[in-house]
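Subject: Structure handover

Hello,

Here is the structure I promised to pass on. Please open it alongside this email, and my notes on what turned up follow below.

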Amino acid sequence: QVQLVESGGGLVQAGGSLRLSCAASGRTFSSYTMGWFRQAPGKERELVADNNWTSGRTSYADSVKGRFTISRDNAKNTVYLQMSSLKPEDTAVYYCAAKWRWTSDYVYWGQGTQVTVSS
């Protein structure tokens, strides 16, 4: 079991940057694939970026490629999402999520942090 707590959201102007953090409890953080999702009002939740637990490979939604970077520090049980060149359409609640090793579904979720990008 793991508990996730996000931080770092806020209001930023278009073109600006934010870094989200997600702190995880537990001693097996390195065995979880970590993902960042977002949900804008009236839209479905989408996977923004993820980081594989064993290969370290990362993947990104097309809408954020080249602008967002996911990284993790297993020593600190923390995953980050560095967001740059932010656009108003990036406005959403951002959620950190975890799935154990080779399981297919994200079952652990944080409470979410609001990111608002003004034009």
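**Charged pairs**

R38 and D90 form a salt bridge, with their closest N and O atoms 2.9 Å apart. R38 sits in strand β4, residues 32-39, while D90 sits in the loop between β8 (78-83) and β9 (92-100), so this pair ties together parts that are 52 residues apart in sequence. Both R38 and D90 are buried. Please keep in mind that this is a predicted model.

D90 has another partner. Its side chain also meets that of R67 in a salt bridge, at 2.7 Å from N to O. R67 lies in the loop between β6 (58-60) and β7 (68-73), and D90 in the loop between β8 and β9, so the pair links parts 23 residues apart in sequence. R67 has 11% relative accessibility and counts as buried. For D90 the value is 1%, which also counts as buried. Salt bridges with shared partners join R38, E46, R67 and D90 into one network.

How many salt bridges are there in total? The count comes to 4. One of them pairs K65 with D62, at 3.1 Å from N to O. D62 is exposed, with 64% relative accessibility.

**A buried acid with no salt bridge**

D50 belongs to strand β5, residues 46-51. Which side chain of opposite charge is nearest to D50? That is K99, at 5.6 Å. A salt bridge needs the nitrogen within 4 Å of the carboxyl oxygen, so this pair does not qualify. D50 is buried all the same.

What does the side chain of D50 join in a polar contact? The partner is the side chain of S59, at 2.4 Å. Leaving out residues up to four places away in sequence, D50 touches M34, G35, R57, T58, S59, I70 and Y106. S59 therefore appears both in that list of contacts and as the polar partner, where a polar contact is a pair of N or O atoms within 3.5 Å.

**Aromatic rings**

The structure holds 6 aromatic pairs. One of them is F37 with Y106. Their ring centres are 5.1 Å apart and their planes stand at 80°, so the pair is edge-to-face. F37 lies in strand β4 and Y106 in the loop between β9 and β10 (108-109), so the pair ties together parts that are 69 residues apart in sequence. Both F37 and Y106 are buried. Y106 is also among the residues that D50 touches.

Y32, W100 and Y108 form one aromatic cluster.

Two arginines sit over rings. The charged end of R45 is over the ring of F37, 5.9 Å from its centre. R72 lies over the face of F29, 4.6 Å from the ring centre.

**Positive phi outside glycine**

Two residues to look at here are N77 and S85. N77 has a phi near 50°, a positive value in a residue other than glycine. N77 lies in the loop between β7 and β8. Is N77 buried or exposed? N77 is buried, with a relative accessible area of 17%.

S85 likewise has a positive phi near 50° and is not a glycine. S85 is found in the loop between β8 and β9. At 40% relative accessibility, S85 counts as partly exposed.

**The start of the chain**

V2 is found in the segment before β1 (4-7). Its relative accessibility is 6%, and V2 counts as buried. What surrounds V2? Setting aside neighbours within four places in sequence, V2 is in contact with A24, S25, Y32, A98 and Y108. V2 and A24 are 22 residues apart in sequence, yet their C-alpha atoms are 6.4 Å apart in space. Y32 and Y108, both in contact with V2, also belong to the aromatic cluster with W100.

**Where to look first**

Start with D90, which pairs with R38 and with R67. Then turn to D50, which is buried without a salt bridge. After that, look at F37, which pairs with Y106 and has the charged end of R45 over its ring. Finish with V2 and its contacts.

Best wishes

Definitions and conventions. Residues numbered from 1 in each chain as written. Predicted model: local features only at pLDDT ≥ 70, side-chain atom pairs only at ≥ 80, totals over all residues. Heavy atoms only, no water. Helix = DSSP H or I, 4+ residues; strand = E, 2+ residues; numbered from the N terminus. Buried < 20%, exposed > 50% of the residue type's maximum accessible area, 1.4 Å probe, protein only. Lys, Arg positive; Asp, Glu negative; His and termini not counted. Polar contact = N/O pair within 3.5 Å; in protein donor to acceptor, adjacent residues only side chain to side chain. Contact = heavy atoms within 4.5 Å. Phe/Tyr/Trp six-rings, centres within 6.5 Å; stacked < 30°, edge-to-face > 60°. Lys NZ or Arg CZ within 6 Å of the ring centre and 35° of its normal.
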